[in-house]
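Please look over the sequence and the structure shown here before reading on. The briefing below is meant to be read slowly, with the structure open beside it.

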Amino acid sequence: MSREEKQQSQQAELQKQLWSIANTLRGNMDANDFKNYILGLIFYRYLSENLVNYVNSTYLKDDEIDYEEAWNKEEYREALKSQLINDSNMGYFLEADYLWSTLIKKIKTGKFDISMLAKAVNIISESTLGNESEDDFENLFEDMDLNNSKLGRGEAERTKLISTIMLKIDDIDFHHEDAEIDVLGDAYEYLISNFAASAGKKAGEFYTPQQVSRILAKLVTLNKSKLQSVYDPTCGSGSLLLRVGKETKVTSYYGQEFNSTTYNLARMNMLLHGISFKHFDIKNDDTLERPRHIDMKFDAIVANPPYSAQWSADPKFIEDERFSAYGKLAPKSKADFAFIQHMIYQLSDNGTMAVVLPHGVLFRGASEGTIREYLIKEKNYLDAVIGLPANIFYGTSIPTCILVFKKCRENEENILFIDASKDFEAGKNQNRLRDEDVDKIIETYKNRVEVEKYCHVAPMSEVAENDYNLNIPRYVDTFEEEEEIDIKAVQQDLKEIDKEIAEVDKELNVYLKELGLDEI
């Protein structure tokens, strides 16, 4: 089974199970609420099972005893607490009575109540208090309010509903070893796209489709066997950061996310994918207004920022080192270039940055034109422009592009333009990039050779002649000549059609006459 087939199979299986879970909750609350319960429970299950598997395969490997048995022996229990809290792979513990498997057994025997689940998630958070892992576990489950009346009018009703959901989640196969999907990210995207349209929520604001993530990750890891750091200033669910880690060895992951719910999701995702709390640093704040990693430089930067978002554009930022050299700020109504400037500032001298943005950044004028010209003419940081198909993101049907930046470019005398807008698999609700489409983009970027109607290596003089307008059709000619029309042949065809019509009319008149209808 190919990667693409495995991905589609795993997604189909996950979506089938999520549909069943969501329908159980749908009568009680809207999708924007119930996704928090589904994702929170998926994460709690992961933390519990991961803890048990890790302890059994490391600390208790030669003791012929499992986690549950060890926890019930005082001499083991205190040692386990200390070891787990100080272990960079864990940083938390969970009492045996509150393991996922224990609560599932209680549900099946009718001995479960919702307070046990509340206790379980609290134990995880409380176990980290005062320890190095505290910041990364703090408030992870705050969006999963188990006292919410929408779950039921009383504890018995809430217990019954949550029990049903937990049993359904227990049936989900996480595919830990051979996962080609991001379970939390894909679950989030699916729940939003199918159940939250009425709430006006857009998964595209928080989640980048896997194939687009692969392109960005491959671009920033090309010819690199390892990265010291990768950064996403609008990290959403963390899917982009995690995809970079699938392409090469990454030591540390950094991100910032403004939406608190999605920030929690990103931290969950890091832990769910086995990233030690010591090797990721995700912050919850506005990146442009209050950047939290501003003193750092990163080997790789990937981003899918909110398109044409508003920001303050406060005049004070003209003195900010991120923006001061350009002489202009991005307009208040379109923060696209503000994000670019921020990321350029944090990119290391030998790093690579790949960002997805709307096509407007390629040609809009005024202050954006000034910033664009400075980046190309004065700094020569822009390495490539890649046009993507329309309708590949949830929440927007507009075509997008990827901009690749490097501070030390190997090909400083030109900029590569790729028009990949025609290569995709059409879908009912959303178009999809195939493996061959992704590979074609990466190979074209790597080879940097002209391909008719697909890519063009534009010398800097050509870009200057176009006044630093980067609109892809100016560089990649995709015009298809229409087949010449033979006017004489068309005229002859029309004569034949007229002749056939006359013969049909004549025959019809005979029938009408026989029926006595010829004078009507």
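The following notes go through a few strands and a helix, topic by topic.

This is a predicted model, and every statement here should be read with that in mind. The notes begin with strand β1, which covers residues 226-232, and then move through strand β2 and helix α12.

**Strand β1 and its neighbours**

- Strand β1 is mostly covered, since five of its seven residues are buried, where buried stands for under 20% relative accessible area.
- Strand β1 runs parallel to strand β2, which takes in residues 249-257, and six bridges join the two strands.
- Within this pairing, L227 stands opposite V250 of β2, and K226 likewise stands opposite K249 of β2.
- Between these two strands the chain passes through helix α11, made of residues 239-247, and the resulting β-α-β crossover from β1 to β2 is right-handed.
- Strand β1 is also joined to strand β4, residues 298-303, by two bridges, and these two strands run parallel.
- In the pairing with β4, V230 of β1 stands opposite A300.

**Strand β2 and its link to β3**

- Strand β2 is largely enclosed by the rest of the structure, because seven of its nine residues are buried.
- Strand β2 pairs with strand β3, which holds residues 280-284, in the parallel sense and over five bridges.
- One place to look for this pairing is Y253, whose bridge partner in β3 is F280.
- From β2 the chain crosses through α12 to reach β3, and this β-α-β crossover is right-handed.

**Helix α12**

- Helix α12 comprises residues 260-272, and at 1.5 Å a residue its 13 residues should span 18 Å, which agrees with the 18 Å that separate its end C-alpha atoms.
- How many of the 13 residues of α12 are buried? The number is 11, so that the helix as a whole is described as mostly covered.
- The buried residues of α12 include Y263, L265, M268 and L272, and among them are also T262, N264, R267 and N269.

**The two ends of α12**

- At the start of the helix, a side-chain oxygen of N259 reaches to within 3.0 Å of the backbone nitrogen of T261.
- After the helix comes G274, a residue whose phi is positive, near 80 degrees.

Terms used:
Residues numbered from 1 in each chain as written. Predicted model: local features only at pLDDT ≥ 70, side-chain atom pairs only at ≥ 80, totals over all residues. Heavy atoms only, no water. Buried < 20%, exposed > 50% of the residue type's maximum accessible area, 1.4 Å probe, protein only. Helix = DSSP H or I, 4+ residues; strand = E, 2+ residues; numbered from the N terminus. Pairing = 2+ DSSP bridges. Right-handed = clockwise from strand over helix to strand, strands pointing away. Expected span 1.5 Å × (residues − 1). Polar contact = N/O pair within 3.5 Å; in protein donor to acceptor, adjacent residues only side chain to side chain.
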